Every structure is written in C-alpha cells, then in structure tokens.
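Let's take a walk through a protein together, one piece at a time. Have the picture open and turn it around as you read.

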Amino acid sequence: MKEFKIYQYPEGRHEAVKQGWSWPGFFFGPIWALVKKMWGLGAGLLVAVIVLAMFPVESAIGLLATLISLGIYVACGINGNRWREKHLSSRGYEHG
C-alpha cells in the first residue's frame, strides 16, 4: 500500500506527497520539477541535462555525460518526493 503525507495550506488547500521512490521524478526529472512548481530545481536540472546532451555519445566524455544524466534522473527518483516536501514547507504548507 502506498503511503502519503498530507500537507495543508492555511487557506485550506491540500497536497499529498507519496513516500519513497518517485517514478514521475525518475522518468521526467526536470519537467516533473517544473510541473510541481519547483522552478529553481527544475530549471537547473533542465540546463544540466541539455548541456550534458550536447556531448557525442561515441566519445569518452559523452559516455561520462550520459552516466551523469542518468544519475540526475536516478537522484530525482530517490529524492524527488523529499524535495517536494521541503518545497511545500517553504511555501507555507504544514504537515498534518
């Protein structure tokens, strides 16, 4: 069974954050962060992934860039929901 933390804004809005691995974060990384209104994180990740994609895969540096890009997406999967919790808390939402 999936576990969620519920965050409530003082005006009554609610947001549910799933605990554990974030599949949307893993598959969509920077786009997922932007959709969740984490502008700084999403923009930073998007720039990093675009820059890393400019290296040709056939070269050694391109292989390293591909591995770093994969690492970015794995980090989004592992930490995405925690980043979202911190973001909601910084916007005034309270866990409850």
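What follows goes from the strands to the aromatic rings. Keep in mind that this is a predicted model.

Start with the sheet. Three strands make up an open sheet, lined up in the order β2-β1-β3, with antiparallel pairing. Since β2 and β3 each pair on one side only, they are the edge strands. Now look at how β1 meets β3: the two run antiparallel and are joined by two bridges. If you want a spot to zoom in on, find Gln8, which stands opposite Glu94 in β3. Then there's a helix to add to the picture: α3 lies across β1 and β2, and it runs at about 155° to β2.

Next, the rings. How many aromatic pairs does the structure hold? There are six aromatic pairs. Take Tyr9 and Tyr93 as one of them: their ring centres are 5.0 Å apart. Why is this pair called tilted? Planes under 30 degrees apart would count as stacked and planes over 60 as edge-to-face, but the planes here sit at 50°, so the pair is tilted. What's neat is where the two partners come from. Tyr9 belongs to the loop between β1 and β2, while Tyr93 belongs to the loop between α3 and β3, so the pair links parts of the chain that are 84 residues apart. Is Tyr93 buried or exposed? Buried means under 20% relative accessible area, and Tyr93 has 6%, so it counts as buried.

Stay around Tyr9 for a moment. Arg13 lies over the face of the Tyr9 ring, at 4.3 Å from its centre. The loop between β1 and β2 also holds Gly12. Gly12 is partly exposed, with a relative accessible area of 32%. Measuring from C-alpha to C-alpha, Gly12 and Tyr93 are 9.7 Å apart in space, although 81 residues separate them in sequence.

Now move over to helix α1, which covers residues 23–35. Trp23 and Phe26 are three residues apart in this helix, so about one helical turn separates them. Their ring centres are 6.0 Å apart and their planes are at 80°, so this pair is edge-to-face. Both residues are partly exposed: Trp23 has a relative accessible area of 48%, and Phe26 has 21%. These two rings also have company, as ring pairs link Trp21, Trp23, Phe26 and Phe27 into a cluster.

Note on methods: Residues numbered from 1 in each chain as written. Predicted model: local features only at pLDDT ≥ 70, side-chain atom pairs only at ≥ 80, totals over all residues. Heavy atoms only, no water. Phe/Tyr/Trp six-rings, centres within 6.5 Å; stacked < 30°, edge-to-face > 60°. Helix = DSSP H or I, 4+ residues; strand = E, 2+ residues; numbered from the N terminus. Buried < 20%, exposed > 50% of the residue type's maximum accessible area, 1.4 Å probe, protein only. Lys NZ or Arg CZ within 6 Å of the ring centre and 35° of its normal. Pairing = 2+ DSSP bridges. Contact = heavy atoms within 4.5 Å. Axes fitted to C-alpha atoms, helices over the stretch in contact; angles between N-to-C directions.
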